[in-house]
Amino acid sequence: MAENIETASYDALVIGAGIAGGEAALNLANNGFKVLLVEKDLSIGGKMILLSKVFPTLDCSACITTPKVSEISRHPGIKIFTGTEVKKIQKKSENNFEAIVVKAPRYVIEEDCTGCQLCEQACPVVVRDQYQYNLVGRKAAFIPFSIASPRVAAIDIENCTLCGACEKVCPTKCIDFTMEAVEHHVNIGTVIVATGFRLFDPLKIPRYGYGLYKNVLTSMEMERQLAPTRPFNTVLRPGDGKVPDKLAYVLCTGSRDATVGNPICSQICCMYSIKQAQLLMGALPMADVTIYYLNIRSFGKGFEEFYEQAKGMGVNFVKGKIGKITEKENGNLILRYEDINESVVKESEHDMVILSVGVMPNPDAGGFFGEGELKLDPFSFVHQTDLLGSPPETSIRGVFVAGTASGPMDIPDSILSAGAASSEAISYLNRKQ
Ligand SMILES: Cc1cc2nc3c(=O)[nH]c(=O)nc-3n(C[C@H](O)[C@H](O)[C@H](O)COP(=O)(O)OP(=O)(O)OC[C@H]3O[C@@H](n4cnc5c(N)ncnc54)[C@H](O)[C@@H]3O)c2cc1C
Ligand code: SF4
Ligand code: SF4
């Protein structure tokens, strides 16, 4: 519909507002360029805004992310569209791209919402909260999470019964069920792809029992239990609400494993598991934490010391390959594993198991341009055409990649990569002038 099409021009389009996309947008805007930052989710901040603390410094992740997110959202040079996806991008000529992005209806007028949460309190519908990785529920009228940006409500129309309770209590009358998707046709000079990564789906390894046994969690679910914006006030077993006292980590779940389609190292799982183990020892001082690993890859600055610190705190490290996990009647879990140092098969009992799931490519990146135009590498991450000379360059001149869209990396490397991508984008834009 014509009235739902809007047109505009920007210097740069940044796709994905995780730490990499946010950093790239900020660098561009601070250099005087007009940026459109497009985010699929309802909040900017990516995965980092949902983490607990960060390795190897144990700084609070939310405390680092929120000022950055606030700077991005207030910057006059950055226009942010949340709940928005890229439909198509076409390169018209050098320094001239045309993009169609579609902003889905939020059913709340963002500018008028005060974030009072009265709609949330009034809404009778409870569904699983994806921001707490399904550990608790949320309402159909909801603010994604307490430090979300923008901190405004949204209506989950798929689960909404249209009872109207939220509309009645909203003090600013900003809930609007007639909202429709708006297609934005934008002209831009350069594009930065910062669409991040997906987590490995542990259902692909049925012998680990994820989805079958309630006390088998993913590392992201544990991350939420340890975060300042956590769902409970302590760490709990989802099966029965018991505070666990014997926890196990299974490293390399879905990484370095060609049988599940991911032969590469995820680079972050060893360190985030060691981080979580340290945080658990602080949160549950009487608990035993065991990390089952194939190799510990503590390759970064301060990482080996961080590993040694965990050992010093009493975290058990077992070089072992997990064969199968089974559940006892009381919800405890039996890990059958090969003790690699002793070459024998052993069993151990834990009351909670955390699968350190790997980093997978986000397939969205390959679909923005014409078929095959934005080349992917053999593992389906965005291909870097000049990895040693100019890592942000892609197969399309004027399109750059930032952060984990090009492969697994931690936060410092994502920020470095975003700095490089924005610098290359600025040089590209300057060449036309
Ligand atoms: C359990 C866990 C713990 C971790 N702990 C640490 C730690 O302690 N220290 C550390 O350094 N690193 C840690 N990491 C790694 C860290 O999360 C990543 O390095 C970082 O999030 C990468 O940022 P990114 O912006 O590249 O990607 P992401 O955080 O994935 O952000 C990508 C953004 O793009 C958006 N997006 C995706 N597709 C589209 C689309 N089609 N259109 C528009 N937007 C889109 C997403 O919604 C998201 O907001 C951890 C990771 C996990 C899983
Ligand atoms: S109209 Fe929908 S979102 Fe609003 S209160 Fe009713 S169920 Fe919840
Ligand atoms: S939609 Fe209305 S009731 Fe809900 S948070 Fe916003 S202002 Fe408050």
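This is a short tutorial dialogue on reading a predicted model.

Me: Let's start with strand β2. Which way do its side chains point, and are they buried or exposed?

Reply: Look at the residues of the strand in turn. In β2, which covers residues 12-15, Ala 12 and Val 14 point one way. Leu 13 and Ile 15 point the other way, and all of these residues are buried.

Me: Which strands pair with β2, and in what sense?

Reply: To read pairing, follow the bridges from one strand to its partner. One partner of β2 is β3 (residues 35-38), joined in the parallel sense over 4 bridges. The chain gets from β2 to β3 by way of helix α1 (residues 19-30), and this β-α-β crossover is right-handed. Strand β14 (residues 190-193) also runs parallel to β2, with 4 bridges joining them. You can use Ala 12 as a landmark: opposite it stands Val 35 in β3, and Thr 190 in β14 also stands opposite Ala 12.

Me: Now the ligands. Which residues come nearest to ligand 1?

Reply: Start with the shell of residues around the ligand. For ligand 1 there are 39 of them, and Gly 16, Gly 18, Gly 46, Gly 196 and Gly 403 come nearest. By class, this shell holds 19 nonpolar, 11 polar and 9 charged residues. Several elements supply at least two residues each, among them α1, β7 (84-93) and α8 (411-432).

Me: Where does ligand 1 lie with respect to the domains?

Reply: Check which domains contribute to the shell. Domain 1 (2-103 + 181-196 + 362-432) and domain 3 (200-359) both give residues to it, so ligand 1 lies between them.

Me: How does ligand 3 look when I read it that way? Which residues are closest?

Reply: Ligand 3 is surrounded by 15 residues, and the closest are Cys 113, Cys 116, Cys 119, Ala 153 and Cys 170. Its shell has 11 nonpolar and 4 polar residues, with no charged ones.

Me: One last feature, a single residue. Where is Leu 50 found, and why is it called buried?

Reply: For burial, count the C-beta atoms around the residue; 20 or more others within 10 Å makes it buried. Leu 50 has 22, so it counts as buried. You will find Leu 50 in the loop between β3 and β4 (53-54).

Me: What does Leu 50 touch beyond residues up to four places away in sequence?

Reply: Leaving those sequence neighbours out, Leu 50 touches Tyr 131, Glu 223, Arg 224 and Ala 227. Try Arg 230 too: it is 180 residues from Leu 50 along the chain, yet their C-alpha atoms are separated by 9.1 Å.

Definitions and conventions: Residues numbered from 1 in each chain as written. Chains lettered and ligands numbered in written order. Predicted model: local features only at pLDDT ≥ 70, side-chain atom pairs only at ≥ 80, totals over all residues. Buried ≥ 20, exposed ≤ 12 C-beta atoms within 10 Å, placed from the backbone. Pairing = 2+ DSSP bridges. Right-handed = clockwise from strand over helix to strand, strands pointing away. Near = placed C-beta within 6 Å. Nonpolar A, V, L, I, M, F, W, Y, C, P; charged D, E, K, R; others polar. Domains from an automatic or database assignment. Contact = placed C-beta atoms within 7 Å.
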